[in-house]
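Q: I should like to learn how to read the features of a structural model one at a time. May we begin once the structure is in view?

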Amino acid sequence: MEKIYLDYAATTPCDPEVLEAMKPYFFEKFGNPSSIHYFGQEAKKAIEDAREGLASFLGASPAEIVFTSGGTESNNFAVKGVAYAQEAKGNHIITSAIEHHAITEPCKFLEKHGFKITYLRVDKDGLVNPEDVKKEITDKTILVSVMHANNEIGVIQPIAEIGKITREKGIPFHTDAVQTVGHIPVNVNELNVDLLSLSAHKFYGPKGVGALYIRKGTRIERFFHGGDQEKGRRASTHNTTGIVGLGKAAGLCRRKMTEEAKFQANLRDRMIKEIQEKISETHLNGHPLKRLPNNVNFSIKYIEGESMLLNLDMLGIAASTGSACTSSSLEPSHVLLAIGLPHEIAHGSLRFTLGRWTKEEEVTYLLDILPKVINKLRAMSPLYEKK
Ligand SMILES: *Cc1c(COP(=O)(O)O)cnc(C)c1O
């Protein structure tokens, strides 16, 4: 049986064209980009080309791009780097209640070291209210970080509006755009952001490489100490192959993104409509319109996300859940709790995310099989019996 991958928000396969572009840099063009000989200069040129391409894709200038090992490092660098650079000015950071762990964990770390963090509440659709940002800003606020789109429920935040407020107050504004770069338009000037994180493996590039956009003039403490790569902002020998792959992946998305988003949004809307029609007592998580073109997230009452996942997996379908029984904790996702779902409903959530190689037939197959899986599980569920 052909497997069906509907978990593109977790990671995407590398595009074959990306792999082709990377290949020469593993072997004949293997030089250290910091070396002054031919081998080094050849690798350096490839990195600078990737930087220019990515910068132009984001509406930034090449000097504002720092290559990193991925979204997690970019987020850690942004939050801790700005916090420690601005320590003399203040110790207050504003973020949202639904950030990725790569933002919330650095924030919790900073809380242990004298910083104060405000976690903005979101409404039932997962949206941050820009007015709340305005209200929470104090003269000690040194950073605001709100994600562009949420990885679980796909909600797209009013980043440009928040950025207008932070700019007026002269406070650096970071956004985690790991779910949006390569999928919907991302322009650092239109979004009014000062820092922006992205990761190649979420848009058909290789794993383990990403970038942080840092607007010229933004004060940030270095995170890696060592060599003077990336103008001293990020030590360690460049991941040439990864950076070349990231650049190629960004170039491909730039060409294909509009059409892909349209195709995926159509399938997404069909899924949302049919799941609601075919299955009783479901709840769409995340704003119905302000959402990623490839994200479908439902809570399905009376059953566990994990058992749905396992059953779908046996039928060859890969999806994801916000129920954290898969991890070591029994807590459901903080995102689903933040939009106000009770624990038992948050545990029954299911996420499908579409991508470049999703076929209409695959969605048709899923929509045929899903109601059957759910009926079977509900028939076994003591919660369903009791209702
Ligand atoms: C995947 C993801 C990250 C982490 O990126 P890595 O490159 O895997 O470290 C951060 N934020 C969001 C929103 C993500 O979806």
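Q: Which residues does V66 touch, not counting residues up to four places away in sequence?

A: In this predicted model, a contact is a pair of heavy atoms within 4.5 Å. By that criterion V66 touches R51, F77, G210, A211, L212, I214, E230, R233 and R234, residues up to four places away in sequence being left out. V66 itself is found in strand β2, residues 65–68.

Q: Is V66 buried or exposed?

A: The term buried applies under 20% relative accessible area. V66 counts as buried because its relative accessibility is 0%. The chain separation is also instructive: V66 and Y213 are 147 residues apart along the chain, while their C-alpha atoms are separated by 6.3 Å.

Q: How should A261 be read, and which residues does A261 touch?

A: The same steps apply. A261 lies in helix α7, residues 240–278. With a relative accessible area of 16%, A261 is buried. Its contacts, not counting residues up to four places away in sequence, are H183 and P293. The C-alpha atoms of A261 and V18 are separated by 20 Å, and these two residues are 243 apart along the chain.

Q: Where is the place of S320?

A: S320 sits in the loop between β11 (317–318) and α9 (334–338). S320 counts as buried because its relative accessibility is 13%. Leaving aside neighbours within four places in sequence, S320 is in contact with D7, L309, S349, L350 and R351.

Q: Which residues of helix α4 are buried?

A: A general point comes first. An α-helix has 3.6 residues a turn, so residues three or four places apart point the same way. In helix α4 (residues 101–111), the buried residues are A102, I103, T104, P106, C107 and L110. What covers the buried residues of α4 includes helix α3 and the strands β3 (92–96), β4 (116–120), β5 (141–145) and β6 (173–176).

Q: How many residues surround the ligand?

A: A residue joins this shell if one of its heavy atoms lies within 4 Å of the ligand. Here 13 residues surround the ligand, and the closest are T72, D176, Q179, S199 and K202. Helix α3, residues 71–85, gives the most to the shell, with three residues. By class, the shell has two nonpolar, nine polar and two charged residues.

Q: Which side chains have an N or O atom 2.6 Å or 2.9 Å from an oxygen atom of the ligand?

A: Polar contacts are read from distances between N or O atoms, with a limit of 3.5 Å. An N or O atom in the side chain of S199 is 2.6 Å from an oxygen atom of the ligand. For the side chain of H201, the corresponding distance to a ligand oxygen is 2.9 Å. The backbone also takes part: a polar backbone atom of G71 is 2.8 Å from an oxygen atom of the ligand. Taken alone, the ligand exposes 380 Å², of which the protein buries 87%.

Q: How many aromatic pairs are there?

A: Two rings pair if their centres lie within 6.5 Å. The count comes to nine aromatic pairs. One of them joins Y5 and Y8 edge-to-face, at 5.1 Å centre to centre and 70° between the planes. Y5 counts as partly exposed because its relative accessibility is 29%, whereas Y8, at 5%, counts as buried. Ring pairs link Y5, Y8, Y204 and W357 into a cluster.

Terms used:
Residues numbered from 1 in each chain as written. Predicted model: local features only at pLDDT ≥ 70, side-chain atom pairs only at ≥ 80, totals over all residues. Heavy atoms only, no water. Polar contact = N/O pair within 3.5 Å; in protein donor to acceptor, adjacent residues only side chain to side chain. Areas by Shrake-Rupley, 256 points an atom, 1.4 Å probe, with all protein chains shown as cover. Helix = DSSP H or I, 4+ residues; strand = E, 2+ residues; numbered from the N terminus. Nonpolar A, V, L, I, M, F, W, Y, C, P; charged D, E, K, R; others polar. Buried < 20%, exposed > 50% of the residue type's maximum accessible area, 1.4 Å probe, protein only. Phe/Tyr/Trp six-rings, centres within 6.5 Å; stacked < 30°, edge-to-face > 60°.
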